[in-house]
2 protein chains.
Amino acid sequence: MLLRLDFTTAFLAALLSGASAQTFRRFGTCPTLGCVIPPDQQDFLPGQEFDIRFEIHAPKNGSEAFNNGVPDEKFTATIAKDRGRPRSLNEFFKLKEPALEKWTFSWFEDLFAQDANTPSVVNVASKAYRRVALYEPGTYTVTLNYFSGKTTTAKWTVRPLATRKKAKNVIFFIGDGMTTNMITAARLLAHKTINGKYQTLLSLDDFPVLGHQMTHSIDTFITDSANSASALYTGHKSTVNALGVYADTSPDPLDDPKVETIVEMLFRIWGSAWGAVSTAFIADATPIALSGHSRLRSQYGVLIDQALNGVANYSWTKTDGPDAYFGGGADQFIPGSGSFQGKDYYAEFARKGYSVSLNKTSLLSAPTDKKALGIFCKNNLPVWLDRHIFPENLEINNDPSGANKSAKDLPGLKEMTLKAIDVLHSRGGKDGFFLMSEAASIDKQMHALDYDRALGDLLELDDTVRATIAKLKELRILDDTLIVVSADHGHGFDVFGSSDTKYAAAQTEDRAKRNAVGVYQNSGLSQYTEPKPGVSYNTGANFPLNWDPRYVIAAGLGANPDHREDYGVGKTPRSPASARNGEYYVNDKDRPEGFVVNGTLPTSESQGVHSLTDVPVYARGPCQETFGGTYSNIDVFYKIANCLGLGHGRNVTEGAEKRFGKGNGTGKGKGHD
Amino acid sequence: MLLRLDFTTAFLAALLSGASAQTFRRFGTCPTLGCVIPPDQQDFLPGQEFDIRFEIHAPKNGSEAFNNGVPDEKFTATIAKDRGRPRSLNEFFKLKEPALEKWTFSWFEDLFAQDANTPSVVNVASKAYRRVALYEPGTYTVTLNYFSGKTTTAKWTVRPLATRKKAKNVIFFIGDGMTTNMITAARLLAHKTINGKYQTLLSLDDFPVLGHQMTHSIDTFITDSANSASALYTGHKSTVNALGVYADTSPDPLDDPKVETIVEMLFRIWGSAWGAVSTAFIADATPIALSGHSRLRSQYGVLIDQALNGVANYSWTKTDGPDAYFGGGADQFIPGSGSFQGKDYYAEFARKGYSVSLNKTSLLSAPTDKKALGIFCKNNLPVWLDRHIFPENLEINNDPSGANKSAKDLPGLKEMTLKAIDVLHSRGGKDGFFLMSEAASIDKQMHALDYDRALGDLLELDDTVRATIAKLKELRILDDTLIVVSADHGHGFDVFGSSDTKYAAAQTEDRAKRNAVGVYQNSGLSQYTEPKPGVSYNTGANFPLNWDPRYVIAAGLGANPDHREDYGVGKTPRSPASARNGEYYVNDKDRPEGFVVNGTLPTSESQGVHSLTDVPVYARGPCQETFGGTYSNIDVFYKIANCLGLGHGRNVTEGAEKRFGKGNGTGKGKGHD
């Protein structure tokens, strides 16, 4: 069973708690009662469009109760550049005064309050300034005045960035949840050593430049894939579950202050082509954050509409839809409860000139001069291991047409990515392209503690990177193309030895089964690279020769639900814990030969969770030298944007006008010039 | 209680099993019955001295039984450069035929054989060619002929390396067991974020160049600290527990084929000064591998004698002893059972002109123009957290004089490193210096699952790096000095959320205690950087303001013995599991408020174990640009050696002669010219 594993479960739990993401803090980016959004310490690209929101909080009860719960509706705000004169936002941005908005939200002060169901309630008065931009590099100070005498100050930095393009194309590979530890393990499985020397290496191992990026959210140190993708694409960190916006406290998930994304800017300024490829459902956080603006990543239907048609409820920059869009997730395309307004999004895309492919055969023959949509199953794509080694697991109702049958003519990440390059290269022409290609199930399978399936998809990513370099060489655009491979966050995975599956299976007691694990000198060498008589998967070089050796890797996360462990390859996808009375306990049907490991996570968690670790950034091509060292995830955006010459001191819409027609660009943001 | 945690326990267990490191393989680097050591695929630096051993194996019983257990004593061997004529080793190296040696060893074929105590026995015939070198870059093919018709071939590569020095000095910091995950966690504890932006950063975060190195052993994928340190210092991978040698199968741990280390070469060629600093006992693997040559890292006494006097049982290159040598480990210096031949090594060092310091006060006032020894406690130095936050834990019998009292006038890594730089800079003069400085207890405390103590020592390392850069600037040698910061291996540690210690302590059931963990949006921000009223440790910037907040990090390894977890700071050092009938069970005295996590490791393991992950390499200074990307741990050696101009096409002994006198260098190796 392939579920939307990623963050959906945890997200639903948070919604049900009634406190949403404010649990244990009133509002993560605002310790005071007056909130400036974007908050203090944020960075901007010159000319990047964004919204501003002010909120005044009046807590009615709880530890912060103030002014009987009546918020100040007469708050004022100013903005000043460097040491310049503070001016009202209306004057500065040449805007009319926005309408006052009001709402109420609640939160829990700690777990004791949550157990007792005693929420703290907050009344809010707010105004939003929509679609502005700052063109001149420098420091801007925003001051919010409220409750006669209280002030909140936010300092924003507009970074000086290049206006000249150094790379014609950018291909950004994201291994969702991929860490250095996993890359090391994948190398061990697929590449052979002789006396300590690898005979072949990962494609990633050949990248000349390596960096580390910090993945934390704006208001928590553990991130999800929505706001981390958003940080990589916009240069702005956000809150768990949010993408393309800073989170506010209003109940509407589509009114939060937006920030322009890299593909929106690239299209507006240069008119480049863009695409997204993912092994997840295409409305999932990592692909959808390129075009989506929502406080809640789970607004799948509307997010697909935004990808095609742009933001509908506000004037906002548009991209004319992706030029190549390949992945799973037919649930948002088949007319019905999963699609926006119940519409048929295959038809909506076709109406806008897209070729539509529902299987690999059709994908491979799709024209490269038309925009291309490819949706290959209902939800996430089956993983590499099931497509290649255990195809019996494909026998599920998963056809992207909605017919009750299994989808078997499936492309992998490599086929989707290479086809996307053909389409984007053809359509981008001299204006180039931006492609994001995501190996989504590294994360999804790590959540399920299914390490082999995760590492199989990591090897598929590496194989895709290798094939991409060959493809770009063949198209003679390798030297014009910046390739970045990174991740959005990690899981605390590592390999610590080998395990003798034969010995473990012969033991009856849990403690004796553990003695099958060999550490240090007993870890031995990888048996995954040793040919096994009679076994050939025909998966070529760069993948294991034997996925089911006697001596398997012994690996684990530090963060687990209750589960059984046998360290071996799961011949069916893994479901480590099962529910009983709303709590998760060990699933005795999973790895029945294994021993029980009781969990370290809350009993409400059915899976492993994300971790803190900095993740690697591999770069090659133009601007590669800027990717060394250690930096924040938002810096990945600024490095790419700098290489694409996206820093402009005026509202540039020439790119969009190439497609939408002169004077009919994406409309104009209000900027200070 | 501060034990020699690192690898000693596992090592002893291996010895007791009677199979030593050959468990489950007859001999890791030799799948055939004829063994060439160094084996196939090894790399060499031009002019690097080394030994060669051939072994012919005749298994008496077991799956490989051959020739009734009688080894071929008439084996022959040749060596050929590139496509040149194969010549006998005697001719090639101008050596006399060495004597034939014979011995027997045994191993277990798997865990079933070990349980049944049915070892496989092997008779061996062998010859060793001592102290040779290859001067010309290229490929050398060694062919061993045995059992009339069998052959084993080894290809060796002598890399072309620079003869010109680009860096005058090299400082190599090793965070033992330190991974990217731990660095990320340490940053979270000691540095504050505001709205997702770090207000200060680690010193490591400022390094311009980052790489990853693969840590595996020559014959297993999980390494210990001996052979990984040895790979970093010699360019040759080896076997668990071995340092400065390739492991052979003979019973004598001091007759295995040696390889010359970086300080031996640096001294021989340039006469530079060298030093080692460690928070471990100074005979521990990471510091002692600079000068030591032994199959067994536990030969502590003789290894200290080798550091001072060089290898005694064979003609070998010598270093005249370290110029600065600071750490713990008085047990090898106080005359008695721990010291070599029961001698007083304080006196031995003093006799060779060393100043001897036994406390911080004495260290700080030691002359910088004399060689300096500083030994500050009996075993490992107490960790940063105990020295600064919980000094009551220093109350143990630990005085380096051997007196029954606690050592309290203790230097930290920073004081030892800065003093070492003063001594080395003064003594190295225009010939420069090489310093290795090790934060040893990152590893030792990770073994004990004592994450706070490990991260405290990581922050001490970072603080030491920062102070080192300032010191080099002050001495005006920053631009002449290559600084490399790396690790020898990892542990599978990561942070996955926060835990509410107050809530956890208020719950009585294990499962309820787990619900104190907050993941994703509930992870919140670091409370370690929030000032706590009444608490000041006076540890300055770059360390936590509060080590014991209500919301602590929730972290773990995937590799654990049975233990209790409460995620909080341990006010005494941690001992997670305790022994009962020779097996380890949860120690109910450790973290009594915590919940039980049953282990994932063999029940013979009392601690966590090393992991597979590639570890980071940070570089700044001359040659920094060569440290980007991904490479093997041996490449760290070649990069440093290249920067120090150690590749020479002839036997250079000018450096050593500066100290030992003209014509009285370190003796001459036999090289092919």
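## A tour of the cysteines and one covered helix

Start in chain B: select C30(B) and C35(B), and you'll find both of them buried. Keep in mind as you click around that this is a predicted model. The two residues are joined by a disulfide, with 2.1 Å between their sulfur atoms. Look along the S-S bond and you get a torsion of -85°, a left-handed link. If the term is new to you, a disulfide is a covalent bond between the sulfur atoms of two cysteines.

**Next stop: C30(A) and C35(A)**

Now jump to chain A and select C30(A) and C35(A). These cysteines form a disulfide, their sulfur atoms 2.1 Å apart. The angle about the S-S bond is -85°, which makes this link left-handed. Buried or exposed? Both C30(A) and C35(A) are buried.

**Zoom out: chain A as a whole**

Before going further, show the whole of chain A as a cartoon. You're looking at 18 helices and 29 strands. Chain A has a radius of gyration of 25 Å, close to the 26 Å that the globule rule gives for 673 residues, so this chain is as compact as a globular protein of that length. Turn the C-alpha trace along its principal axes and it spans about 75 × 60 × 50 Å.

Colour by burial next: of the 673 residues in chain A, 67% are buried. Switch on a surface, and chain A exposes about 20,800 Å², with carbon and sulfur atoms supplying 51% of that area. For the contacts, take those between residues at least 6 apart in sequence: 73% of them join residues at least 24 apart.

Try colouring by charge too. Chain A carries 72 positive and 76 negative side chains. How far apart do the centres of the two sets lie? They are 5 Å apart.

**Next stop: C623(A) and C643(A)**

Back to the cysteines: select C623(A) and C643(A). Here is another disulfide, with the sulfur atoms 2.0 Å apart. The angle about its S-S bond is 90°, and the link is right-handed. Follow the backbone out from each end and you'll see that the pair links distant parts of the chain, 20 residues apart. C623(A) sits in the loop between β27 (615-620) and β28 (629-632) of chain A, while C643(A) belongs to helix α17 (residues 633-643) of chain A.

How covered are these two? C623(A) has 9% relative accessibility, so it counts as buried. C643(A) is buried as well, with a relative accessible area of 0%.

Count the bonded cysteines along chain A and the disulfides follow the pattern 1-2, 3-4. Over all chains, a search of the whole structure finds four disulfides.

**Side trip: C377 in each chain**

Select C377(A), and you'll find this cysteine buried, with a relative accessible area of 0%. Then pick C377(B): at 0% relative accessibility, this one counts as buried too.

**Last stop: helix α8 of chain A**

Finish by selecting residues 300-309 of chain A, which make up helix α8. How many of its ten residues are buried? Nine are, so the helix is mostly covered. Step through the buried ones in your viewer: Y300(A), G301(A), V302(A), L303(A), I304(A), D305(A), Q306(A), A307(A) and L308(A). Go on along the chain, and α8(A) is followed by G310(A), a residue with a positive phi near 85°.

Key:
Residues numbered from 1 in each chain as written. Chains lettered and ligands numbered in written order. Predicted model: local features only at pLDDT ≥ 70, side-chain atom pairs only at ≥ 80, totals over all residues. Heavy atoms only, no water. Helix = DSSP H or I, 4+ residues; strand = E, 2+ residues; numbered from the N terminus. Rg over C-alpha atoms; globule rule 2.2 N^0.38 Å. Buried < 20%, exposed > 50% of the residue type's maximum accessible area, 1.4 Å probe, protein only. Contact = heavy atoms within 4.5 Å. Areas by Shrake-Rupley, 256 points an atom, 1.4 Å probe, with all protein chains shown as cover. Lys, Arg positive; Asp, Glu negative; His and termini not counted. Charge placed at Lys NZ, Arg CZ, Asp CG, Glu CD. Disulfide = S-S within 2.5 Å.
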